[in-house]
Amino acid sequence: MKIKQTSKIKRTRRHARVRSTLAGTSAQPRLAVFKSNRYIYAQIIDDSKGTTVASASSLNQKGTMREKAERVGETIAKVAGEKKIKKVVFDRGGFLYAGHIKALADSARKGGLSF
């Protein structure tokens, strides 16, 4: 019997595959991105301690999804700069590196993060 794989299951598998090679440290934490239909979220995570260092989301923002993603990227870069974080490892969360994810990454790079 064939089982139809939903896009959520496929994304979860891709994310597990990506996370098997990525890990954030104190020197270079992980910038994790999650995207829902309405909002986009970004977190900077230190996996060695298991703590979230900084976070940003588009919950209280207006505009198109691309504009929200760009603002979240700028915000996360600003918060990371305040905590003296310059280098991160980018975790796209199993999403394709295109569209909103790419817009967030580009604006985070413009804000001063390097990955």
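What follows is a walk through a predicted model, from its sheet to its core and its charged side chains.

Start with the sheet. Four strands form an open sheet in the order S3-S2-S1-S4, and their pairing is mixed. The edges are held by strand S3, residues 51–57, and strand S4, residues 89–91. Each edge strand has a single partner, so one of its sides has no neighbour in the sheet. On average, neighbouring strands are turned by 20° against each other, direction ignored. Helix H2, residues 65–82, packs on this sheet. H2 touches S1, S2 and S3, and its direction makes about 25° with that of S2, which spans 40–46.

Now look at the S1–S4 pair. Strand S1 covers residues 30–35 and runs parallel to S4, with three bridges joining the two. Here Arg30 stands opposite Val89 of S4.

Val89 deserves a stop. Its relative accessibility is 17%, under the 20% limit, so Val89 counts as buried. Setting aside neighbours within four places in sequence, Val89 is in contact with Leu22, Ala23, Gln28, Pro29, Arg30 and Leu31. One of these, Ala23, is 66 residues away in sequence. In space, the C-alpha atoms of Val89 and Ala23 are 7.7 Å apart.

Next comes the core. The largest nonpolar core has 23 residues. Which of them touch the most other members? They are Leu31, Ile40, Ile44, Ile76, Phe90, Leu104 and Leu113. At least two core residues come from each of S1, S2, S3, H2 and helix H3, the last spanning 100–110. H2 gives the largest share, with six residues.

Ile44 shows how this core is joined up. Beyond its neighbours within four places in sequence, Ile44 is in contact with Pro29, Arg30 and Leu31, among others. Its contacts also include Thr51, Thr52, Val53 and Ala54. Ile76, Ala80 and Ile85 complete the list.

H3 can be read from its buried residues. In this helix Ile101, Ala103, Leu104, Ala105, Ser107 and Ala108 are buried. Their cover includes S1, S2, H2 and S4. Just after H3, Gly112 takes a positive phi of about 120°.

Turn to the charges. Side chains of opposite charge can pair when their charged atoms come close. The whole structure holds six salt bridges. In one of them, the side chains of Arg19 and Asp47 meet at 3.7 Å, N to O. Arg19 lies in helix H1 and Asp47 in the loop between S2 and S3, so this bridge ties together parts 28 residues apart in sequence. Arg19 is partly exposed, at 27% relative accessible area. Asp47 is also partly exposed, at 25%.

Asp47 has another partner. Its side chain meets that of Arg30 in a salt bridge of 2.9 Å, N to O. This pair again links distant parts of the chain, with Asp47 in the S2–S3 loop and Arg30 in strand S1, 17 residues apart. Arg30 has a relative accessibility of 7% and counts as buried. Arg30 is thus the residue that faces Val89 across the S1–S4 pairing and also bridges to Asp47.

A further bridge sits within H2. Arg71 and Glu67 form it, with their closest N and O atoms 3.9 Å apart. The two are four residues apart in the helix, so about one helical turn separates them. Both ends are partly exposed: Arg71 has 29% relative accessibility, and Glu67 has 38%. Elsewhere, salt bridges with shared partners join Arg19, Arg30, Asp47 and Asp91 into one network.

One last charge remains. Is Arg11, in helix H1 (residues 7–19), buried or exposed? Arg11 is buried, yet it has no salt bridge. The nearest side chain of opposite charge belongs to Asp91, 7.8 Å away. A salt bridge needs nitrogen and oxygen within 4 Å, so this pair does not qualify. What does Arg11 touch, leaving aside neighbours within four places in sequence? Its contacts are Phe34, Gly93, Gly94 and Phe95.

Methods:
Residues are numbered from 1 along each chain as its sequence is written. This is a predicted model: local features need pLDDT of at least 70, side-chain atom pairs count only at pLDDT 80 or more; totals for chains, interfaces and linings use all residues. Side-chain values use heavy atoms; hydrogens and water are left out. Two strands pair if DSSP finds at least two bridges between them. Axes are lines fitted to C-alpha atoms, for helices over the stretch in contact, and angles run from 0 to 180 degrees between N-to-C directions. Contact means heavy atoms within 4.5 Å. Buried means under 20% relative accessible area, exposed over 50%, partly exposed in between (1.4 Å probe, protein chains only). Lys and Arg count as positive and Asp and Glu as negative; His and the chain ends are not counted. A nonpolar core is a set of buried Ala, Val, Leu, Ile, Met, Phe, Trp, Tyr and Cys residues joined through side-chain atoms within 4.5 Å.
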